[in-house]
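Colleague: I'd like a close look at one part of this model. Please keep it brisk.

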Amino acid sequence: MRTRFAPSPTGPLHLGHAYSALLAHDMARAAGGRFLLRIEDIDTTRSRPEWERQILDDLDWLGATPDEPPLRQSDRIGAYERALDTLWRRELIYPCTCTRRDIAAAASAPQEGAPPIGPDGLVYPGTCRDCLPAGYGAKPRPQGAALRLNMRRALALTGAVTFTETGESPEGLTGARTTSPDTFQAEIGDVVLSRRDFTGSYHLSVVLDDAAQRITLVPRGCDLFSATPIHVLLQCLLDLPTPTYHHHRLIRDEAGKRLAKRDDARAIATYRADGATPGDIRAMVGLAAHPGLLRFPNIPG
């Protein structure tokens, strides 16, 4: 088993991060596997080296030291470029010039029901999808353009996609989870795979990086459950392995609000400065003090 924790170095780790990191670490230890770290610093405008240093220090203090050197997304731009080139040649992505205002205007046009909301916000109406002639993939991929996945064309190649869920999915179910082409079209749409201001997107990079690190189990928050079918679809299109997914609960404050990086009062560094121990942090997030005592019956390994 190979698990991972993949924070962005844009602020301090808080209790929610601690839960996700410790859970991934404990799952690997319980199965005799390896726990890995990925630094998701593809957004260079917001990432800071001092936050990365704090992440590494906090993980060591928590007792969740990675088993291998961290993988940094900023070192993998070439891999993202190559994947985009592959998808472009197959005419599975296309440039999009629509602004958020354009998408909102199209979504609010007279129609039955409320505009559909997908993992990335309003489901894209496909305005730019058919603006290019057949055979456009033979030309060079445009640089500095937002690129969207042609969901209709992708699904013609893959059909429904399936992944294995072992965690706390919204419906509380485990086992095989299948997303139909109709659901992809209506509830997800043509997601962005590369942005104007930097190469790649979360959806593309996470798929390529999990494959590069040979991750077999992805523990992550249940807020990302709706994005998982996108990632499995991309794995199919790029001929990459599909790991098992474990979507865990989120750590919330007393009002039920999900913790965010701006919530410095619950930053790990703040608790440390106030004299808390790693055991205290485990107790706060509801994890056993001794990882070796944990049992994960739904997890292979």
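In which loop is Asp239 found? And what else can you tell me about that part and the second largest pocket?

Modeller: Bear in mind that this is a predicted model. Asp239 sits in the loop that links helix 8 (228–237) to strand 12 (244–248). Its backbone stands out on one count. Phi of Asp239 is near 55°, a positive value, and Asp239 is not a glycine. Is Asp239 buried or exposed? Its relative accessibility is 70%, so Asp239 counts as exposed, the cut-off being over 50%.

Arg214 makes a useful companion case. Arg214 also has a positive phi, about 55°, without being a glycine. Its loop runs between helix 7 (202–212) and strand 11 (217–221). Arg214 has a relative accessible area of 53%, and because exposed means over 50%, Arg214 falls in that class.

Now the pocket. The second largest pocket has a volume of about 260 Å³. Its lining is made up of 14 residues. Those nearest the centre are Thr179, Thr183, Phe225, Ser226 and Pro229. Three elements give two or more residues to this lining: strand 5 (117–118), strand 9 (175–179) and helix 6 (181–187). Strand 9 gives the most, with 3 residues. By class, the lining holds 6 nonpolar, 5 polar and 3 charged residues.

To return to your loop: Asp239 lies between helix 8 and strand 12, with a positive phi and an exposed position.

Note on methods:
Residues numbered from 1 in each chain as written. Predicted model: local features only at pLDDT ≥ 70, side-chain atom pairs only at ≥ 80, totals over all residues. Heavy atoms only, no water. Helix = DSSP H or I, 4+ residues; strand = E, 2+ residues; numbered from the N terminus. Buried < 20%, exposed > 50% of the residue type's maximum accessible area, 1.4 Å probe, protein only. 1 Å grid on protein atoms, 1.4 Å probe; cavity = no way out; pocket = protein on both sides within 12 Å on 5 of 7 lines; lining within 4 Å. Points joined across faces, edges and corners; volume = space filled by probe spheres on them. Nonpolar A, V, L, I, M, F, W, Y, C, P; charged D, E, K, R; others polar.
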